[in-house]
Amino acid sequence: MKTVTLHPKREFSLQRRHPWVFSGAIAHIDGDPQKGGTVRVLSSDGTVLGVGAFSPESQIRIRMWCFEEREINAAFIAERLGAAIGGRATLLGENVTNAYRLVNAEADGLPGLVVDRYGDWLVCQFTTVGAERWKAEIVEALRALVPCEGIYERSDIDVREHEGLPPSTGVLAGGPPPDRVEIVEHGCRYRVDVREGHKTGFYLDQRDNRALVKRFANGCDVLNAFSYTGGFGIAAVAAGAASVTHVDISEPALALARENTTLNTCHAEASTFIQGNVFEVLRTFRDAGRSFDLIVLDPPKFADSRGSLMKATRGYKDINLLGMKLLRPGGLLATFSCSGVMTAEMFHKVVSDAAVDAKRDLQIIKRLQQSEDHPEGLCFAEGLYLKGLFCRL
Ligand code: SAH
């Protein structure tokens, strides 16, 4: 095993069990570690801090597998996968869903690996050279641990560029998945396009929040902004919402939202689908004097780096301000940010700034985050990327 020694005073984060070593923390590399190869990490005084996967092209030069001296092999990978998958069995009660995240990267001790289950299909994302290095072993262990029809790869994600990896998609095991995989979540049925859909096909991280919206939606006129394939709006329809207006810029997403609506209700006429830019549609609604009882704002990631935070902040503030103005008295707002670089405090500030400018008084009923199958490592705050506020006017 090759050895990497850190600069004095740069071992603090590993001592705190944070799993990343940045390139600037490295004083010396013994030998020439392979892409994704395992390295032993030493503090400046020679103490072993753990072992990790070496990534020569990324600023995050090493991602730790563990904080002790251990051989990383197929058995290690299978053990970590078994622990992650075993944890999910107790997490999600009976009858909640047949679609959930089995492996959530760093939080499950497997940096660079995401595995989602959609019914009989598994979908994997390998985002680092470390995870890529063990792909065959991961697939083999998954086959042994989870009975399934097939395993499909969706490593078509931009962050792979930082690791010098090209996009990669296709069948890893078993047969090819059908065009639509049908899942059940809290009694609602959704068709998922695991080959072309966003992420691995569905926003599984919003499951708990969709269930919350469902509890409050009965009789409401609902605006589902950034609807994707219907998610929150379909949960609202199932709860007896009076009407649901879905807005999304993507026609394929709305086509699937329509399909999902007819799958769940015989009153499809209560649902409207608007293809457009939410920033513009909200202004049109304001000018037309429209109002709603429940508004969901679940935009895509507006910031992917600290440099884009300012612009992102303006975007979040704009839609929240407009959303608040469309709320009826007593109305509810479920508002989200999935930008990892925006902290919960920053998001709270943006939404409260929006309320100040909108001259509206709101109360927070609940602070929201990603679902339980997307855990956050206790010593890895970066793992909490989805933040939300559930507010009443
Ligand atoms: N709430 C959804 C997930 C939303 S993902 C769920 O629970 O499933 C974000 C969505 O915003 C994507 O479908 C994307 O197509 C859409 N989008 C991105 N920018 C947009 C814009 N400016 N106006 C409207 N929709 C947009």
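How much space lies in the second largest cavity? About 30 Å³, and the close-ups below show where to look. This is a predicted model, in which local features need pLDDT of at least 70, side-chain atom pairs count only at pLDDT 80 or more, and totals for chains, interfaces and linings use all residues. Residues are numbered from 1 along each chain as its sequence is written, and side-chain values use heavy atoms, with hydrogens and water left out.

**View 1. Two cavities of 30 Å³ or more are counted in the model.** A cavity here is a set of points on a 1 Å grid over the protein atoms alone where a 1.4 Å probe fits but cannot get out. Points are joined across faces, edges and corners, and a volume is the space filled by probe spheres set on them.

**View 2. The largest cavity holds about 60 Å³ of space.** Its lining (residues with an atom within 4 Å of a point) has 14 residues, with Ala53, Arg63, Thr128, Gly130 and Glu163 the closest to the centre. Two or more lining residues come from each of β5 (48-54), β6 (60-66) and α3 (129-133); helices (H or I, at least four residues) and strands (E, at least two) are DSSP runs, numbered from the N terminus. The largest share, five residues, belongs to β6.

**View 3. Glu185, His186, Cys188, Tyr190, Arg210, Ala211, Lys214 and Ala235 line the second largest cavity.** Here β13 (188-192) and α5 (207-216) are the elements giving two or more residues, and α5 provides the largest share, three residues.

Definitions and conventions: 1 Å grid on protein atoms, 1.4 Å probe; cavity = no way out; pocket = protein on both sides within 12 Å on 5 of 7 lines; lining within 4 Å.
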